[in-house]
Structures are given as structure tokens and as C-alpha cells.
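Open the model in your viewer and keep the sequence panel beside it. This tour tells you what to select next and what to look for at each stop.

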Amino acid sequence: MTSLTNDTIGRMRAGLIFAMISASSFGLSGPIARSLLDAGWSAGAAVTVRIAISALILAPMCLVGMRGRMHELLRPTTLGVIAAYGALAVALPQLCYFYAVGSLQVGVALLIEYLAPVVVVGWMWLRHGQRPTWRTCVGTIVAAAGLALVLQIFGGVRLDAVGVAWALGATVGAASYFIMSGSMKISIPAVTLAGGGLAAGAIGLALLGAVGVLPMTASTEAVTLAGGQVPWWAAVLSLGVITAAVSYVTGIAAARRLGSRLASFVALSEVIAAIVFAWLLLGEIPTVVQLLGGALILAGVIVVKLGEPAVADEVVADPLPMAPEATVRQ
């Protein structure tokens with residue numbers, strides 16, 4: 001019994017470490033993306049390069065996960081799901097988020113995106129008749145109040161309307177991630193779904209750029225971070241390797257050890273990490289009122305999650321889970 005308890009504690013500790021690494025590295029994406037945008041990169045080019053690099057890094061893990069089962073990956077149904085996942089759950093939220101940070105503070109854009117769980121509640125009620133619990137309703141009201149403070153609707157500060165629209169688009173994309181992750185019934189590991197979705201998203205964005213629908217502009221100018229100059233290639237590699245590939249791998253590892261529910265709560269620290277990185281690297285920090293609103297949004301999301309029906313998480317040692325974790329990823 002003591003050995004089992006020690007093993008459980010060890011797994012929980014490792015899961016928390018993985019979850020914090022994942023949240024911190026994801027939180028770094030906004031400041032790096034903003035620095036590239038300021039240096040002349042378009043949001044489309046930055047997102048495409050980011051997810052393409054991460055897809056290449058995850059490719060070996062994806063192949064290992066499908067060893068002896070490649071026929072399942074090549075089924076038309078599976079390919080269709082991966083393509084839809086790449087478009088709606090990967091490309092859409094990341095593209096909208098990168099456009100949003102072009103005209104909004106990183107922390108503000110991410111706080112708006114974190115309303116995604118509330119959007120999911122509304123979708124499940126309207127589409128599937130799943131009435132929210134009283135906790136969910138309270139959480140939704142608290143989060144809505146927090147959004148009003150973040151947007152400073154009753155204050156003298158005016159946010160860029162286009163940036164807010166892009167941030168709300170990222171909210172819809174993140175909600176799509178939640179909905180698709182919870183409803184897809186395909187028997188491939190989560191790392192394969194993540195890697196396949198990243199590859200599909202990169203291919204889709206590249207095609208949009210090739211036909212001129214999505215602006216694709218890159219620059220070899222050095223980017224400015226923390227008041228210093230960083231080579232463009234270092235920023236691009238950091239965006240693809242640290243803020244995407246490392247984040248996905250450690251996030252999956254965390255969800256497997258903690259369960260998706262607990263991992264999703266720990267992932268809320270991504271907002272704090274993003275605000276800290278934006279302050280250190282870009283000199284950005286939300287106003288006191290916006291920080292208060294952000295705290296209300298996070299509190300509301302927590303209450304919404306507590307109001308969800310209890311679902312038992314299966315936590316086992318297999319590092320290639322069958323179901324993806326339910327956390328916001330951009």
C-alpha cells in the first residue's frame with residue numbers, strides 16, 4: 001500500500017511539473033508572435049511556420065503511436081476527422097489569436113480566448129439540450145462580468161475593435177477544440193491526433209497563402225524581445241519548438257498522469273505565464289481593472305468546470321493516450 005501511495009504521489013508530482021511546463025511554454029507564444037509581427041511577419045506566416053515545425057517534431061512520436069496500425073490512420077473517416085481537427089481546433093484559434101495580439105495586449109487577448117468553456121456550455125445546451133447546472137450558470141455570469149472589466153466597457157480605455165473580434169474568433173476556435181476533442185470517436189492516440197492536426201493545419205494555411213487568400217509575409221529582420229535584438233530564426237524556432245511541440249508533448253504527458261480534468265485546471269496558469277512573459281519581454285501589462293477582470297474570468301471558468309458532470313478520468317502509464325486533453329491551446 002505504501003509503495004502504491006508513493007507511486008501515485010510520484011505520478012502526481014510529475015504530472016504537475018509537466019502541466020506547468022506546458023502552460024508556461026504555451027504562454028510564451030503570444031509575446032514571441034507579437035515580436036515577429038512587429039518585425040514584419042504576417043500572422044498567417046507566423047502561425048504556419050509554428051505549427052509546421054511542431055508537426056515535424058511530433059511526426060516520429062505519431063508514427064511510433066501508430067506502429068502496426070497505420071491502416072487505421074489511412075481510413076477516409078480518420079483522415080477527415082484529422083483534417084477537420086486541424087482546421088477548426090488548431091489553425092483557427094492560433095490564427096485568430098496571433099491576429100488578436102497584433103493590436104491587443106497579449107494578456108487581454110488570451111483572457112478573452114479563455115471564455116471558450118462558457119461558449120461550449122451554450123453550444124451543448126442549444127445543440128444537445130444539456131441544461132447547465134447552477135454552478136455553471138454562476139460561473140458564466142462571473143466570467144461575463146470579468147470580460148466586461150477586461151474590455152473596460154464602463155471605463156475610459158477603448159480597445160481595438162478588430163483585435164477584440166479576432167480574440168473572440170480565437171474563443172470560437174478554442175471552443176471547437178473542446179467540442180471536437182470530447183466528441184470524436186476515433187481509435188488513434190492523442191499524440192497522433194495532435195500531430196496529424198498540426199500537419200493538416202499547416203498544409204491548409206499554406207494552401208490559403210499560395211492562392212493569395214491568406215497574407216504570407218516573412219522578414220529576416222531581428223526581433224525585439226526584453227529590450228534586446230534576437231535573430232529572426234531564433235524566434236521562429238522558439239515559436240515552433242518551445243511554444244508548440246514541447247507544449248503539446250508535456251501537456252499530453254500531464255493529462256495522462258493527472259487526468260484531463262485536473263490538467264485542464266492547472267492549464268489555467270497559462271494566462272498568468274502569458275501576462276508575465278508579456279511584461280518581461282514586451283513591457284506590456286494590463287491595467288488593474290483588467291487584471292481584476294481576468295481574475296473573475298478565471299474564477300468563472302473554474303466554477304463552470306466544477307459544474308460539469310463528473311466524469312471519471314482513467315489515469316494509466318501509457319504515454320500515448322486515446323483521448324486528447326481538454327485545455328485551451330493556441
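The stops below go through a predicted model, one selection at a time.

**Stop 1: a bent helix**

Select residues 43-65. This is helix 3, and it has 23 residues. From its first C-alpha to its last it reaches 32 Å. That is close to the 33 Å expected at 1.5 Å a residue. Now colour L58. Helix 3 bends here by about 40°. Look a little further along the chain for P60, a proline that follows within four residues.

**Stop 2: R34 and its partners**

Select R34, which lies in helix 2. Is R34 buried or exposed? It is buried, because its relative accessibility is 16% and the cut-off for buried is under 20%.

Show the side chains around it. Side chains of opposite charge can pair when their charged atoms come close. Which residue of helix 2 pairs with R34? Pick D38: it forms a salt bridge with R34, and the closest N and O atoms are 3.5 Å apart. Both residues belong to helix 2 (residues 29-38). They sit four residues apart, about one turn of the helix. An α-helix has 3.6 residues a turn, so residues three or four places apart point the same way. D38 counts as exposed, because its relative accessibility is 57% and exposed means over 50%. This salt bridge therefore joins a buried residue, R34, to an exposed one, D38.

Next, add E284. Its side chain meets that of R34 in a second salt bridge, 2.9 Å from N to O. This pair links distant parts of the chain, 250 residues apart. E284 is in the loop between helix 13 (269-282) and helix 14 (288-306), while R34 is in helix 2. Both E284 and R34 are buried.

Keep R34, D38 and E284 on screen together. They are linked in a network of salt bridges. How many salt bridges does the model have? The count comes to two.

Before you leave, show the backbone of L104. Its backbone oxygen lies 3.2 Å from a polar atom of the R34 side chain.

**Stop 3: an enclosed helix**

Select residues 106-113, which make up helix 6. How many of its eight residues are buried? Eight of the eight are, so helix 6 is largely enclosed by the rest of the structure. Click along the helix to see them: V106, G107, V108, A109, L110, L111, I112 and E113.

**Stop 4: a nonpolar patch**

Switch on the surface. Select I17, I21, I57, W232, W233, L237, V241, I242 and V246. They form a nonpolar patch on the surface. Together they have about 730 Å² of accessible area. Helix 1 (2-27) and helix 11 (232-258) each supply at least two residues of the patch. Which helix gives the largest share? Helix 11 does, with six residues.

Zoom in on I242, one of the residues in helix 11. It counts as partly exposed because its relative accessible area is 36%, between the 20% and 50% cut-offs.

**Stop 5: a positive phi**

Select A226. It lies in the loop between strand 1 (223-225) and strand 2 (228-230). Check its backbone angles. A226 has a positive phi of about 55° although it is not a glycine. Most residues other than glycine have a negative phi. At 52% relative accessibility, A226 counts as exposed.

**Stop 6: far in sequence, measured by C-alpha distance in the model**Three pairs finish the tour. Select A174 and V120 and show their C-alpha atoms. The two are 54 residues apart along the chain, and their C-alpha atoms are separated by 9.2 Å. A174 lies in helix 9 (residues 161-183). It is buried, with a relative accessible area of 1%.

Stay on helix 9 and select V162, which lies there too. V162 is exposed, with a relative accessible area of 51%. Add Y99. V162 and Y99 are 63 residues apart in sequence and 9.1 Å apart in space, C-alpha to C-alpha.

Last, select S24 in helix 1. S24 counts as partly exposed, at 28% relative accessibility. Which residue should you add to complete the pair? Add A267: the two are 243 residues apart along the chain, with 8.8 Å between their C-alpha atoms.

Note on methods:
Residues numbered from 1 in each chain as written. Predicted model: local features only at pLDDT ≥ 70, side-chain atom pairs only at ≥ 80, totals over all residues. Heavy atoms only, no water. Expected span 1.5 Å × (residues − 1). Bend = angle between axes of the 7 residues up to and from the residue. Salt bridge = Lys/Arg side-chain N within 4 Å of Asp/Glu carboxyl O. Buried < 20%, exposed > 50% of the residue type's maximum accessible area, 1.4 Å probe, protein only. Patch = residues over 30% accessible without salt bridge, like charges linked within 9 Å, V, L, I, M, F, W, Y side chains within 5 Å. Areas by Shrake-Rupley, 256 points an atom, 1.4 Å probe, with all protein chains shown as cover. Polar contact = N/O pair within 3.5 Å; in protein donor to acceptor, adjacent residues only side chain to side chain.
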